There are 2 protein chains.
Amino acid sequence: MALQKLTPQEQTDALAKPELKGWSLVEGREAIKRTLTFKDFNEAFGFMTRVALHADKHDHHPEWFNVYNRVEITLATHDVQGLSVRDITLATFINQIYDK
Amino acid sequence: MALQKLTPQEQTDALAKPELKGWSLVEGREAIKRTLTFKDFNEAFGFMTRVALHADKHDHHPEWFNVYNRVEITLATHDVQGLSVRDITLATFINQIYDK
C-alpha cells in the first residue's frame, strides 16, 4: 500500500498524544516542528547523531537547524507533499531519546 | 591578546583567497556562509560529523541547516559580535574536507 497523507483530523489526533509533546504544526506548510535545547554543542550534536542514524536506517530524514546547544527540527514527507505516519514515527523517536 | 574582530578590509582580503572559495558575506549581518551539497544524507551527515568534531575541539561552532543532501553553514564569532580569525580557520577546514 502506498504511503498515505494524514488527514487534518489525523494530524490533530496525533499531535494531541503525549508521545508527541512539544511538536506543533508549521504555519503555512504541512509539516511539524519542535525546538530542543541541550547543555552544550557536544550534547546537541550527540543527539543529532542518534537521530541521523535512525533517520538513515528508515530512509526518512529531518530538516534541521543547529546553533550551539539548540536544535530546531522540521518533519514532513516529500512523497506525499505533507505529513505521513513516517513523521509521527520519527517525532516519537526524537521525543523518546530527548525526554530521557 | 584578546580575539580581534576582522576589519572590513580583512574580511574582503580573506574572502578573496582561494582557500575560502564559495564563502560569501551574509547580508545584514557580520557573518559568512556557504551551501554545500552531497550525494545523499549519509554523506552530508558524515561531513557534518567531521566538522562537529573539529568545532568542538576548537570550541568554535557553526550555525547550520541540513535537509537531506544539502548543508547550509553560517559562521560568526559571538565574542566579537562579528567575524574573527576563528571563522576563517573553520571555513578553511570545511573547504579542505569538502573539496577533497
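Salt bridges between chain B and chain A come to zero in this predicted model. Polar contacts do turn up at the interface of the two chains, though: four residue pairs qualify, both partners at pLDDT 80 or more. The interface itself draws 15 residues from chain B and 15 residues from chain A. Together the chains bury about 1400 Å², and 68% of that sits on carbon and sulfur atoms. On the chain B side, the biggest losers of area to chain A are B:F41, B:F45 and B:W64, which together make up 36% of what that side buries.

As for where the chain B residues come from, helix 2 (41–58) and strand 3 (63–67) of chain B each put at least two residues into the side that touches chain A. Helix 2 of chain B gives the most, with seven residues. By type, the residues on this side of chain B split into nine nonpolar, four polar and two charged.

The strands also meet across the interface. Strand 3 of chain A (residues 63–67) and strand 3 of chain B pair antiparallel, with five bridges between them. Two of the partnerships can be spelled out: A:V67 is bridged to B:E63, and A:E63 is bridged to B:V67. The wider picture is an open sheet of eight strands with antiparallel pairing, in the order 1(A)-2(A)-4(A)-3(A)-3(B)-4(B)-2(B)-1(B). At its edges lie strand 1 (24–25) of chain A and strand 1 (24–25) of chain B, each of which pairs on one side only.

Within chain A, strand 3 has strand 4 as another antiparallel partner, again over five bridges. Here A:E63 is matched with A:T74 of strand 4, so to speak the intrachain counterpart of its bridge to B:V67 in strand 3 of chain B. The hairpin formed by strands 3 and 4 of chain A has two residues between the strands, and A:Y68 in this hairpin adopts a positive phi near 45°. Strand 4 of chain A (residues 70–75) also runs antiparallel to strand 2 (residues 32–37) of chain A, the two being joined by six bridges. In that pairing, A:I32 sits opposite A:L75 of strand 4.

Helix 2 of chain A (residues 41–58) lies across this part of the sheet, covering strand 2, strand 3 and strand 4 of chain A. Helix 2 of chain A also reaches over strand 3 of chain B. Its direction is about 165° to strand 3 of chain A.

Back to charges: although there are zero salt bridges between chain B and chain A, a search of the whole structure finds eight over all chains. One of these joins the side chains of A:E30 and A:K5, with an N to O distance of 3.1 Å. The two residues are 25 apart and belong to distant parts of the chain. A:E30 is in the loop between strand 1 and strand 2 of chain A, whereas A:K5 is in the segment before helix 1 (8–16) of chain A.

Definitions and conventions:
Residues numbered from 1 in each chain as written. Chains lettered and ligands numbered in written order. Predicted model: local features only at pLDDT ≥ 70, side-chain atom pairs only at ≥ 80, totals over all residues. Heavy atoms only, no water. Contact = heavy atoms within 4.5 Å. Buried area = accessible area lost by both parts, 1.4 Å probe. Salt bridge = Lys/Arg side-chain N within 4 Å of Asp/Glu carboxyl O. Polar contact = N/O pair within 3.5 Å; in protein donor to acceptor, adjacent residues only side chain to side chain. Helix = DSSP H or I, 4+ residues; strand = E, 2+ residues; numbered from the N terminus. Nonpolar A, V, L, I, M, F, W, Y, C, P; charged D, E, K, R; others polar. Pairing = 2+ DSSP bridges. Axes fitted to C-alpha atoms, helices over the stretch in contact; angles between N-to-C directions.
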